[in-house]
Amino acid sequence: MNVKRFANVDNNILQLLAVTALVFATMSILEPGKFLRYYNFESIFYTFPELGILSIAMMISMLTGGIDLSVVGVANLSGILAGVFFVNLTKGQTLSPEAMLLYVLAGILLALSVGIMAGAINGFLITKLRITPILATMGTAQLFTGICLVISGGPAIVGFPAYWAFIGNGKVLGVAFPLVIFVFVAAGVAFLLGRTLIGVNLMLIGANPKAAVFAGIRTARMVFVSYLLTGVLASIAGIILSGRANAAKSDYGASYLLQAVLISVLGGTNPAGGFGSVLGVTIAVIALMLLSSGFQIMRFSNHLIDFIWGAFLLLIMVVNYYNNTKRQNQ
Amino acid sequence: MAEPFLELRNIHKHFSGVHALNDVSLSIRPGEIHCLAGENGSGKSTLIKVIAGVYPPDSGTIEINGKSFAKLTPIESLEQGIQVIYQDFSLFRNLTVAENLALNSQLREGRKLVNWKQVRRIAREALDRLGIDIDLSAELDSLPVSGKQLVAIAKALMFDARMIIMDEPTTALTGREVDRLFSIVRAIQCQNIAVLFVSHKMREMLEISERITIIRNGLKVAEGPTSEFNESTITTYMTGREHTCQRFTFTPPPAGTPPRLEVENLGVPGKLSGISFSLAPGEIVGVTGLLGSGRTCLALSLFGLTPKHTGRVLIDGRPVPLTSIQEAIAAGIAYVPEDRLTEGLFLSQSINRNLLAAVFERISRFLVIDKAQNDSLARSMILDLQIATPSGKNPVSSLSGGNQQRVVLGRWLLTNARLLVLNGPTVGVDVGSKAEIHAMVRALALEHGLGVVMISDDLPELVQNANRILVMHRGRLVSEIEAARTDEDALSDLLKTLA
């Protein structure tokens, strides 16, 4: 039983790895000249962290059987508020690099506090007013996107300082800076889920909320913290996103929302709560990024790429479903 | 002797390697009250489903009313007048009584619009057949379990039933409701309708049924008129073991030891008032009462779930505030809820996590769980309680019911609980595991000096395991009885006077 269970958990990861390898091999064979170029992978390293972090955020909200549909709204609001901050403070001034660095740090703090505030609002609605997570966060998603529109007036906000652009485009010791951020975030969340009170309690709450109450777990507080965390991760994704584009707009990353939900589930997260793994989500993101970059290289139409992406996600979930039912029948 | 209504011969049924029914034969005459007994997992439910046409048997014959069926379908079973009342009653909880009773026949007539007058008439007639009176416009969910059950029975009788199968019908009923159910069952019998009563409660089987069939591990082990059985023979047949039932003996601690629990004038507005009692270390006190007597409210108050209570609670002579579960746990109070599967266990999680769920906060520093302590505590508890598993990392769902119960108790031993509040500790547990659970609770009281408050409907359980029994009624304690000086009949009479 023990060995079997262990194999089952790993099955999910193994299956994802196999899919990733398959995608990689197929693309390498079809377009060896372009797909296997270093440049291609480098571009993936720059683009996947924002989606990866959003997916990890989504996974955290799903641990307790909830969901956070406001992550993209929070990401954009963080970027836009930071942008407005820079535009208004640095207007017509030439600043020394040191002062600029301070401004950028302040901007990061501002963006992160947007995430905390947004997470607190979601957490309050869900734990205190007991609104179903999907409805509460759908509402706040509209709210945050609305604020974005009011502040920016529609067009993208430009005029970010160079340091901000470095967050999205720079390199540290030859490694893409967004990738560095992603590695730290992923390692931090993995530790949090596996080894800390918050992570373990979230899994227990997700597995059985009633039993969690009777075991003396402070469920409301823990769920609240999980939405704070989701909000902060969303704002980190927003910083990378606006840094990479060197601009912030209310409808950036709109397609990321459903992708983040699907990747999270694809990575083995149980949408009913109780299980989720950073490793699974990470592999799932990478698999999808390889897939879409391959298609771009093959010059598939963008619309077709969306279609294939959706079909791929559904396919994996259907396979999972059959694997699970087979396992249950055994 | 009348021709049998239902005749099953040599039924076999396999489920992926498990021989769920092994050569089982069963014969029921019209108007007979027949009891099907067996532990959980013995094949009772499979047999019911074979009769209902849900599972086709692998081999064997089914004869209903002299007509033989090789493969019975659910529709055919219904057409032959077989009605099954499952434990969940299969009713619509959000509809009214009248709608539940009449909608099927309205649908059958293929109506596009609902005739409400007719709905009420049909429903009224159905209830009148049983001679019962239930508010037709009441929403089903607002009825007590016994009321829902009556609606289910009335509904079953509407379709020219010849045999009604009741799956564990008395599980959630109080003594008086069981009596009412039995008189209805007898009334059904007078209409020449057979009743197959599925149960594992000995007293009820002996009281109601004319014939008993007992199955164990898919085999029929005994069959005969009820007069040939008594409680201990039934138990032996069901479990395949002899059970000795020794009463719990409590040795009071030396004089001067403060009581483990003292409750002084505890009250919860509208639910409890003036509750005072105490119990010594190592003592098991039973609490019983009809449903709605406030016994569950008492348990929840002791566990900090009624922040707005009055009165005082002392543990080992020290008053403890009980306004949250966390305070109750810190004070050494543990609560094992009625339904372990939905309220006690985290089924998908590991045994270790289930054991440590209540102490993660204590073994964490700056939110980081101390891994060494985590592993050693879980390992020692698995050894202490003899939980049968190769590894604590296995999911708790891989354990048997008895072992799962150990995990729930182990969780509270890890919090250094001094008072254990058990709510219905053996509800829905089969006879074998029940004895195991009782032995474990007694051992905790004797060896660890835990005080135990055992809330239960099961009077034999209280008489056997408790040292004193408190009876509650309408939120008050109405009587306190030494378990040694009473038996279940006396207790049951006392409860009847309260009803």
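Author: Before we start, one term: the radius of gyration is taken over C-alpha atoms, and the globule rule is 2.2 Å times the number of residues to the power 0.38. This is a predicted model, where local features need pLDDT of at least 70, side-chain atom pairs count only at pLDDT 80 or more, and totals for chains, interfaces and linings use all residues. Residues are numbered from 1 along each chain as its sequence is written, while chains are lettered from A and ligands numbered from 1 in the order in which they are written.

Reader: OK, what's the radius of gyration of chain A?

Author: It comes to 20 Å, which agrees with the value near 20 Å that a compact globule of 330 residues would have. The C-alpha atoms of chain A fill a box of roughly 70 × 55 × 35 Å along the principal axes.

Reader: And how many helices and strands in chain A?

Author: Chain A has 14 helices and 4 strands. Those are DSSP runs, numbered from the N terminus: helices are H or I with at least four residues, strands are E with at least two.

Reader: Let's look at H6(A). Which of its residues are buried?

Author: A:Pro133, A:Ala136, A:Thr137, A:Thr140, A:Ala141, A:Phe144, A:Cys148 and A:Ser152 are. Buried means 20 or more other C-beta atoms within 10 Å of the residue's own, exposed means 12 or fewer, and partly exposed is in between, with C-beta atoms placed from the backbone. These buried residues cover an arc of only 135° around the axis, which puts them on the same side of H6(A). The arc is that of the directions from the helix axis to the C-beta atoms.

Reader: Why would residues three or four places apart point the same way?

Author: An α-helix has 3.6 residues a turn, so that spacing brings the direction round again.

Reader: What do the buried residues of H6(A) pack against?

Author: Helix H3 (38-63), helix H4 (71-89), helix H5 (97-128) and strand S1 (157-158) of chain A. Two residues are in contact if their C-beta atoms, placed from the backbone, lie within 7 Å.

Reader: What comes right after H6(A)?

Author: A:Gly153, with a positive phi near 70°.

Reader: Switching topic: how many residues does each chain put into the contact?

Author: Chain A puts in 24 residues and chain B 30 residues. On the chain A side, H9(A) gives the most, with 7 residues.

Reader: Does chain B get split up, and what are its domains?

Author: The domain assignment gives domain 1 (6-239) and domain 2 (261-498) of chain B; such bounds come from an automatic or database domain assignment. Their centres, taken over C-alpha atoms, are separated by 34 Å.
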